[in-house]
Amino acid sequence: MDELNQLILQRRDKLEKLHKLGINPYPYHFDRTHTSQEIIDQFQDLNEKGVSVAGRIMSNRQMGKAAFFHLQDMKGKIQVYLKKDEVGDTEFELYKLLDIGDIVGIFGKVFKTRTGEISIFCQKLELLSKSLRPLPIVKEKIEDDHKVVFDPFSDKELRYRQRYVDLVVNPHVREVFIKRSKIITGMRQFLDQYEFLEVQTPILQPLYGGATARPFVTHHNALDMKLYLRIADELYLKRLIIGGFEGVYEFGNDFRNEGIDRFHNPEFTQMELYVAYKDYAWMMEFTENMVSQTAHKVLGNMKIKFQNQTIDLTPPWKRLPLFEGIKEYTGIDISQMEEEALRNTAEDLGIAAENSWGSGKIIDEIFGEFVEPKLIQPTFITDYPVEMSPLAKKHRENPRLVERFEPIIAGKEIGNAFSELNDPLDQRERFEAQMNLRAKGDEEAQVLDEDFLRALEYGMPPTAGLGIGIDRLVMLLTDSASIRDVIFFPQMRPE
RNA sequence: GGGCCAGUAGCUCAGCCGGUAGAGCAGCGGCCUUUUAAGCCGUUGGUCGAAGGUUCGAUUCCUUCCUGGCUCACCA
């Protein structure tokens, strides 16, 4: 508990006075007829008409026996003009006990002030919730048609810890999260056109799989067993394909017990999709259509600005096989190299390859260092080495590769997809190879899932699968530099 | 985990080659019945992130720690 400072004590004092005036500072409901935005949009029709609005007081200018203040609701702000002659002594007393941050309801007539601002001439004022804690005051003015903000609430630590305050005083933050919601809705609408089934699969799993990452571990008391928070949905969604659903998707949170930085939060959102009888080539087209159409729906454009770069999401996106990409950006053809040669090449390129790394890991490092950051425009990197992708189907033309792609935009992968491995014997071998890596000390190597293999043995149709990192996509479409700006409550150390 | 930077009033920030703190906004009091970063006059408010050290004296110098940001490493 922090101590009650003077400002809070003053507000508690006002609360007492309100009680003494017989006013309930926390009443039960309020009937509003319009939002702030509706009044502004429909001013021609509403001028001189009675309306009621509700919202939080965000500014206050008292001038003797009259006052102006702004109310903020979900859609914006509207000015209220109040004068003592109109509302009477009692309500003017109430007004004087109000603070910025209080939530009030107003009945009044729409009008335009002398300076031209659409406002409400208050006839009745009702307190809906007394605020006891001072909000950061952010002042702004319109200059040359754009908004100038003074002393914005900008301390990142405070903004993340008290996101509720951030949302109240920083409209652009609200916008980002509205867009986030629209992006997810847009994707869902796109997916539903195909009649895919939206499903939920377990978050608490006895075995974790579907990705290479360290898990969070927890314990179930009644069953007295270890459980893991999922690192991916993949293996359960494929079980559903085996069960006969021919298209399933899930928006869900995955949990990875790894570092935190501006691209990583331990808890993040992913959309995974699996479609029977399709392959990764089909999925590439699907992906570029879904992302570009969602962007168009939310932003009205397929050309977007991201960190001072212009990115064109219009399909088709470039297809670039992994080895060709590495050749293009390093001049070295590593496609035929064995582990030893790869290791030497990596060293020559200045990458300190650790002993536990297999060839897949080394290739991934070279790619991540020399190619990925250069891929600003949307690019599908395709055809990864088989060791890097234990759940992907071997390439139809080259058994050393798998049919996999990652969509890369602005130098960051936003997803991962493949023709799903449905050969149960091959899958068992791949799992075993992973177990060997694990035995060598690779803590992120995947674990063998006997039930998943049993499911595969019953037969899974040819299937294409896709995972899209929703947080990264939202960053891209909202021009946000940090994942913390697109997650309401990013992980923080306790205060 | 490494490197760099930051933490001073409710918010945004000054100050600091040592002498126990300032501004703007907010708040409080006064004037003001169409203002808009309203204005004018007055005024309250701080264990200067925490602990230790150096010193007659530390917000200022040193050490350690805490929290956060950026960045590198690992990863989606």
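Reader: Let me set the term up front: buried means under 20% relative accessible area, exposed over 50%, and partly exposed in between (1.4 Å probe, protein chains only). With that, how many of the nine residues of helix H8 (residues 234-242) are buried?

Author: Seven of the nine, so H8 is largely enclosed by the rest of the structure. This is a predicted model, where local features need pLDDT of at least 70 and side-chain atom pairs pLDDT 80 or more, while totals for chains, interfaces and linings use all residues. Residues count from 1 along each chain as written, chains are lettered from A and ligands numbered from 1 in written order, and side-chain values use heavy atoms, without hydrogens or water.

Reader: Thanks! Which residues of H8 are buried?

Author: Glu234, Leu235, Leu237, Lys238, Arg239, Ile241 and Ile242. The "H" and "E" names are DSSP runs numbered from the N terminus, with at least four residues for a helix (H or I) and at least two for a strand.

Reader: And what covers the buried residues of H8?

Author: The cover includes strands E12, E13, E20 and E21, plus helix H14. Contact here is heavy atoms within 4.5 Å. Just after H8 comes Gly244, with a positive phi of about 115°.

Reader: Nice. Let's move to E18. Why is E18 largely enclosed?

Author: Nine of the nine residues of E18 are buried, so the rest of the structure largely encloses this strand.

Reader: Which way do the residues of E18 point?

Author: Leu401, Glu403, Phe405, Pro407 and Ile409 point one way, while Val402, Arg404, Glu406 and Ile408 point the other, and all are buried. Both sets include charged side chains, such as Glu403 on one side and Arg404 on the other.

Reader: How does E18 pair with E17?

Author: Strand E17 (residues 379-385) runs antiparallel to E18, with six bridges between them. Pairing needs at least two DSSP bridges between two strands. Within this pair, Phe380 stands opposite Pro407 in E18.

Reader: How many bridges join E18 to E20?

Author: Two, and these strands are antiparallel, with E20 covering residues 415-419. Arg404 has Phe418 in E20 as its bridge partner. E18 also has two bridges to E19 (residues 412-413), again antiparallel. There, Ile409 stands opposite Lys412 in E19.

Reader: What about the hairpin of E18 and E19, how many residues are between the strands?

Author: Two, and Ala410 in that hairpin takes a positive phi near 55°.

Reader: Okay, hydrophobics. How many residues has the largest nonpolar core?

Author: It has 44, and Met271 and Leu273 make the most contacts inside it. A nonpolar core is a set of buried Ala, Val, Leu, Ile, Met, Phe, Trp, Tyr and Cys residues joined through side-chain atoms within 4.5 Å.

Reader: Which elements give two or more residues to this largest core?

Author: The helices are H7, H9 (280-299) and H15, and the strands are E12 (247-255), E13 (267-276), E14 (303-306), E18 (401-409) and E21 (463-469). H9 gives the most, with eight residues.

Reader: What does Met271 touch?

Author: Leaving out residues up to four places away in sequence, Met271 touches Met187, Leu191, Tyr249, Glu250, Phe251, Met290, Leu466, Gly467, Ile468 and Ile470. There is also a second, separate core of 43 residues, whose members include Ile326, Leu342, Ile363 and Phe452.

Reader: Switching to charges: how many salt bridges does the structure hold?

Author: 35. A salt bridge puts a side-chain nitrogen of Lys or Arg within 4 Å of a carboxyl oxygen of Asp or Glu. One of them joins Arg180 and Asp471, at 2.9 Å from N to O. That pair spans distant parts of the chain, with Arg180 in H7 (residues 171-193) and Asp471 in H15 (residues 470-478), 291 residues apart.

Reader: Are Arg180 and Asp471 buried or exposed?

Author: Both are buried. For contrast, take the salt bridge of Glu457 and Arg428, at 3.8 Å. Glu457 sits in H14 (residues 450-458) and Arg428 in H13 (residues 424-439), 29 residues apart. Glu457 counts as partly exposed because its relative accessibility is 46%, and Arg428 is also partly exposed, at 25%.

Reader: Which residue forms a salt bridge with Asp451?

Author: Arg454, with the closest N and O atoms 2.8 Å apart. Both lie in H14, three residues apart, about one turn of the helix. Asp451 has 32% relative accessibility, so it counts as partly exposed. Elsewhere, salt bridges with shared partners tie Arg11, Lys14, Asp99, Asp102 and Lys130 into one network.
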